[in-house]
Amino acid sequence: SRRRHTRYWRDWSSDVCSSDLDEFVFAKQREMQLIPAAVAPDEVFLRRVYLDVIGVLPSPVEAAAFLDSKDPEKRSKLADQLLAREEYAAHWALKWADVLRGSPVTISERGVHSFHRYLVRTMAEDRPVSDFARELLTGLGNTLNKPAANFFRISRTPEDAAETVAQLFLGVRVQCSRCHNHPFENITQADYYGLAAFFARVQFKGAQFGLDDEVVYLDARRELNNPLTKKPQPPVAFSEPAEGLGPDDDRRVKFADWLTSSSNKYFAQAVANRVWFHLLGKGVVDPVDDFRDTNPPSNPQLLKALADHFAKHGYRMKPLIRSIITSKTYQLDAQAPRQSANSADPEAYFTHAAVRMLAAEQVLDAVSSATGVHERFKGFPAGTRAVELPEGGVLHPFLQDRSEEHTSELQSRQYLV
């Protein structure tokens with residue numbers, strides 16, 4: 001088995017690595033004595049990259065043009081074309097809407113549409129995720145006119161906001177520390193309430209028309225008491241006190257500064273790992289929101305390279321997505337090579353493409369595309385695709401199971417997984 005492995009890697013062409021990401025992936029595979037799959041044929045890559053980047057299948061004309069092309073750079077050129085398509089924004093806005101849990105259950109019917117339009121604009125402009133996070137965490141005002149402030153309608157308490165921020169932007173689950181110090185990790189109850197204290201002054205008013213016109217504002221008199229000390233908890237970001245705050249200063253700004261600082265490696269790692277998960281089907285840290293010492297990354301060098309690339313390009317998603325989809329790792333075939341009986345888990349080291357289920361919206365749009373019959377959604381213009389719908393609240397037989405499942409997740413508080 002060792003001789004077979006060595007011979008395979010010796011025969012593998014020297015130019016297999018198309019990016020530094022490949023270098024780290026294939027180096028780890030060699031270390032673990034794993035054999036990668038062959039590069040997927042054009043027709044497989046074409047379908048995969050369309051669905052992953054813009055959420056729809058290629059048209060017959062688009063497929064024929066790509067498959068007939070003899071241009072050796074056609075895959076990288078296609079990556080650039082897809083990232084410039086308007087469908088990209090709707091597809092990735094839906095992913096963010098899912099993890100942010102925006103739905104009529106949390107932010108009302110009109111709120112959902114306002115929040116969705118905001119997410120689509122953010123994705124279309126390829127705004128830095130650091131700016132996006134800052135807007136969400138410091139949002140104020142009427143939530144219909146200031147849609148980023150809907151973050152606090154979804155996470156209405158300081159504790160909810162702390163848990164969501166930690167899980168989404170740091171990849172850390174802090175829920176266990178709400179009642180006690182984490183039994184296995186270096187996360188204490190003081191960490192939990194110190195994080196929640198940043199959001200203690202967020203309040204709401206003007207609940208009209210079923211919460212449609214709710215306003216988010218700050219009340220400098222509000223504090224969060226630590227259940228152990230019974231005293232107001234000062235804001236602390238994982239053992240880093242928020243220094244230099246005046247009594248009327250917005251603590252959330254201080255936290256956003258800490259979160260998106262270049263010295264905070266966890267922000268870039270968590271977001272980059274989530275993007276890798278969406279494109280490869282498995283995170284370098286898996287699950288994507290469970291960074292901890294007892295759940296280390298399968299490939300630390302790869303995770304660092306992803307985070308460094310993300311930070312280098314201003315925390316923008318498109319350069320990171322392009323780097324991933326033009327890598328040989330992303331383009332490997334789904335046919336898993338035969339490994340030795342005692343080998344490590346091939347999927348953890350990305351030896352082949354993961355076979356993944358399509359989202360319900362993608363399946364419905366694919367059926368519409370194949371039949372030439374546009375699906376109609378009540379209250380939306382003719383020609384609206386399922387992937388363009390705002391999260392939740394759309395009653396449609398094909399999407400109903402998804403909507404019910406999403407509502408159940410909201411009610412059980414099992415989210416961001």
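**Helices under cover: a why-and-how chat**

Guide: Helix 13 is mostly covered, with seven of its ten residues buried. Bear in mind that this is a predicted model.

Visitor: Which residues of helix 13 are the buried ones?

Guide: They are Arg 251, Arg 252, Phe 255, Ala 256, Trp 258, Leu 259 and Thr 260.

Visitor: What makes helix 11 count as largely enclosed?

Guide: Just go by the tally: twelve of the twelve residues of helix 11 are buried, so the rest of the structure largely encloses it. The list starts at Pro 158 and includes Glu 159, Asp 160 and Glu 163 as well as Val 165, Leu 168 and Phe 169.

Visitor: And what covers the buried residues of helix 11?

Guide: The cover includes helix 6 (87-100), helix 9 (129-137), helix 10 (150-154), helix 12 (189-196), helix 13 (251-260) and helix 14.

Visitor: Why is Ala 162 called buried?

Guide: Buried means under 20% relative accessible area. Ala 162 has 0%, so it's buried. It sits in helix 11, which spans residues 158-169. Leaving out residues up to four places away in sequence, Ala 162 touches Val 174, Tyr 192, Leu 195, Ala 196 and Phe 199.

Visitor: Why is Lys 28 called buried too?

Guide: Set its value against that cut-off of 20%. Lys 28 has a relative accessible area of 14%, so it goes down as buried. You'll find it in helix 2 (residues 20-31). Its contacts, again not counting residues up to four places away in sequence, are Ser 298, Asn 299 and Tyr 349.

Visitor: How do you know that the span of helix 11 is close to the one expected?

Guide: The expected span is 1.5 Å times one less than the number of residues. For the twelve residues of helix 11 that gives 16 Å, and the helix reaches 16 Å from its first C-alpha to its last. Just after helix 11, Gly 171 takes a positive phi of about 70°.

Visitor: Why are helix 14 and helix 15 called roughly perpendicular?

Guide: Angles of 65 to 115 degrees count as roughly perpendicular. The axes of helix 14 (residues 265-280) and helix 15 (residues 300-312) cross at roughly 105° and come within 8 Å, so roughly perpendicular is the right label for the pair. Helix 14 makes this contact through Ala 268, Gln 269, Val 271, Ala 272, Asn 273 and Trp 276, and helix 15 through Leu 302, Leu 303, Leu 306, Ala 307 and Phe 310.

Visitor: How many residues of each class are in that contact?

Guide: Nine nonpolar, two polar and no charged residues.

Note on methods: Residues are numbered from 1 along each chain as its sequence is written. This is a predicted model: local features need pLDDT of at least 70, side-chain atom pairs count only at pLDDT 80 or more; totals for chains, interfaces and linings use all residues. Side-chain values use heavy atoms; hydrogens and water are left out. Helices (H or I, at least four residues) and strands (E, at least two) are DSSP runs, numbered from the N terminus. Buried means under 20% relative accessible area, exposed over 50%, partly exposed in between (1.4 Å probe, protein chains only). Contact means heavy atoms within 4.5 Å. Axes are lines fitted to C-alpha atoms, for helices over the stretch in contact, and angles run from 0 to 180 degrees between N-to-C directions. Angles under 35 degrees count as roughly parallel, over 145 as roughly antiparallel, 65 to 115 as roughly perpendicular and the rest as oblique. Ala, Val, Leu, Ile, Met, Phe, Trp, Tyr, Cys and Pro count as nonpolar, Asp, Glu, Lys and Arg as charged, and the others, Gly among them, as polar.
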